[in-house]
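Hi,

Here is the structure I promised to pass on. Have a look at it, and then read my notes below.

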Amino acid sequence: FQAEDGIRDVERSRGLGDVYKRQVHGTITDLKINDCIMVDGNFSLRVDISSLVLPDTFAEDKGATFTGILRVVDGEMYLEAIKVQMGCPSKYQPAEE
């Protein structure tokens, strides 16, 4: 995965220190109602999408960038998504105003 370095968040994680938002880029697979799997090469990560309003273009085998908080439950790491952008973000796209 391309995981961007953390964006500091004000939330604290049960005494484990600061929580950082992360961005992950990849291809959507194994889409279910509340989650999906992001794949990039040999790496995969479950993404909790239960709190998102998904765009009409959200579908399996599409590229996406998720922003969220990495969590670990029962030894499994997953991303609790708070935002999704379809396609691959480009540094050449104009900034939104």
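First, a bit of vocabulary: helices (H or I, at least four residues) and strands (E, at least two) are DSSP runs, numbered from the N terminus. With that in hand, this chain has zero helices and seven strands, and reading along the sequence gives β-β-β-β-β-β-β.

Keep in mind that this is a predicted model, where local features need pLDDT of at least 70, side-chain atom pairs count only at pLDDT 80 or more, and totals for chains, interfaces and linings use all residues. Residues are numbered from 1 along each chain as its sequence is written, and side-chain values use heavy atoms, leaving out hydrogens and water.

How confident is the predictor? pLDDT is its confidence in each residue, from 0 to 100. The chain averages 79, and 69% of the residues score at least 70. Over residues 1–17, though, pLDDT stays under 50. Where pLDDT is low, the predicted coordinates should not be read in detail.

On to burial: of the 97 residues in the chain, 28% are buried (under 20% relative accessible area; exposed is over 50% and partly exposed in between, with a 1.4 Å probe and protein chains only).

One residue to click on is Val72, which lies in strand β6 (residues 63–73). Is Val72 buried or exposed? Val72 has a relative accessible area of 59%, so it counts as exposed.

As for contacts (heavy atoms within 4.5 Å), among those with a separation of 6 or more, 45% join residues 24 or more positions apart.

Cheers

Terms used
pLDDT is the predictor's confidence in each residue, from 0 to 100.
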